[in-house]
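Q: Please take a close look at one sheet in this protein and explain how its strands are arranged. Please then describe the surroundings that the model offers for comparison.

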Amino acid sequence: MKRNNAITDVRGIEVGHAQNEEALTGCTVILCRKGAVAGVDVRGGAPGTRETDLLDPVNLVEKVHAIVLAGGSAYGLDAASGVMRYLEEQKIGFNTGAAKVPIVPAAILYDLNLGRADVRPDSAMGASAAAAARGFTSAPPAEGNVGAGTGASVGKMFGAALAMKSGLGTASVEIGGGVIVGAIVAVNAWGDVIDPKSGEIIAGLRSGKIGPLRIGGKDQFADTLAMMKKMIGRGVLGLASRSNTVIGVVATNAKLTKAQATKVARMAQDGLARTVRPAHTMLDGDVIFALSTGTKKADVSTVGAFAAEAMAEAIIRAVKAAKSAGGLPGLKR
């Protein structure tokens with residue numbers, strides 16, 4: 001089967017975006033109409049989520065019908081209600097006897113500091129993204145300044161002054177036996193994005209001046225980790241905004257239990273740690289969901305290991321596909 005190097009290479013997974021390009025915000029919906037066993041790992045210190053408790057392996061509901069990734073800070077969680085409405089119209093949901101209730105967990109990122117703060121993803125935008133969702137027979141999902149990545153940025157130790165535009169990316173890998181593992185991610189990290197192959201920063205905190213202060217040296221990037229050791233860096237940490245996060249989904253056509261999906265989500269966070277430096281800080285709300293749609297047999301450790309690989313590639317693609325916007329430079333010309 002021809003792959004598009006996207007999470008939609010996993011059968012049963014569809015992706016739809018909706019965004020407001022003027023306000024620089026949007027949402028991305030990952031649909032699994034037939035349901036998918038799901039897990040989640042919340043690793044950052046400042047998360048914004050909905051319906052993550054039900055994904056605990058000890059709780060009743062086994063499958064979800066969609067995952068929503070959205071901008072708009074906590075306001076963006078409202079997009080999930082529009083996805084629920086769309087799925088209800090399709091007669092998709094958990095059968096309670098009296099009605100079918102769509103199960104739609106969500107995670108948000110903070111993008112109110114770019115574009116317009118008074119325009120956020122809402123129920124209507126969520127419904128539009130769900131209606132736009134397409135699966136593996138279609139072209140791969142758009143990347144960069146789309147969906148939940150529309151207002152994403154990285155390298156924000158000193159706020160927006162020396163930050164860079166980021167976005168949304170996706171990737172997939174075949175791990176043998178017809179098993180596919182894919183990832184999709186919106187990258188709104190406080191730190192820098194690193195190419196794990198070279199160890200070089202490819203997007204993040206830029207060197208430059210803020211008033212009379214010189215940040216970094218002659219290199220293009222100041223290196224957030226290095227700045228954290230300096231007096232000026234230590235001085236701003238207490239004032240730094242808790243408005244950053246990397247939110248994403250990994251999916252596979254391997255058969256997983258709820259506990260195994262949770263383990264895969266946890267292992268996928270390793271891909272984030274390889275590419276975002278520093279990761280999982282108290283200033284980030286990093287959240288990764290895992291979905292299992294299929295019946296193929298696969299070793300859970302192998303699925304998790306390649307979930308981390310797919311996540312790392314998706315993060316790199318997210319910043320490489322990002323165009324300049326909101327006064328922030330992007331890598332894509």
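A: The following account treats the sheet, then a pocket, and lastly a patch on the surface.

The model is predicted. Within it, 3 strands form an open sheet, and their order is β13-β12-β17. The pairing in this sheet is antiparallel. Two of the strands, β13 (201-203) and β17 (276-277), stand at the edges; each has a single partner strand, so one side of each is left without a neighbour in the sheet. In general, strands of a sheet pair through backbone hydrogen bonds, and they may do so in a parallel or an antiparallel sense.

Strand β12 covers residues 192-194, and 2 bridges join it to β17 in the antiparallel sense. Within this pairing, Val-193 stands opposite Val-276 in β17.

The next feature is a pocket. The largest pocket has a volume of about 280 Å³. Its lining includes Asp-195, Pro-196 and Lys-197, as well as Arg-274. Helix α6 (residues 300-320) supplies the largest share of this lining, with 7 residues. Among the other names in the lining of the largest pocket are Val-173, Phe-306, Glu-309 and Lys-320.

The last feature lies on the surface. Leu-60, Phe-94 and Val-101 form a nonpolar patch there, and together they have about 270 Å² of accessible area. Leu-60 is found in the loop between β3 (49-50) and β4 (63-70). The relative accessible area of Leu-60 is 70%, and this residue is therefore exposed, as the cut-off for that word is over 50%.

Note on methods
Residues numbered from 1 in each chain as written. Predicted model: local features only at pLDDT ≥ 70, side-chain atom pairs only at ≥ 80, totals over all residues. Heavy atoms only, no water. Pairing = 2+ DSSP bridges. Helix = DSSP H or I, 4+ residues; strand = E, 2+ residues; numbered from the N terminus. Patch = residues over 30% accessible without salt bridge, like charges linked within 9 Å, V, L, I, M, F, W, Y side chains within 5 Å. Areas by Shrake-Rupley, 256 points an atom, 1.4 Å probe, with all protein chains shown as cover. Salt bridge = Lys/Arg side-chain N within 4 Å of Asp/Glu carboxyl O. Buried < 20%, exposed > 50% of the residue type's maximum accessible area, 1.4 Å probe, protein only. 1 Å grid on protein atoms, 1.4 Å probe; cavity = no way out; pocket = protein on both sides within 12 Å on 5 of 7 lines; lining within 4 Å. Points joined across faces, edges and corners; volume = space filled by probe spheres on them.
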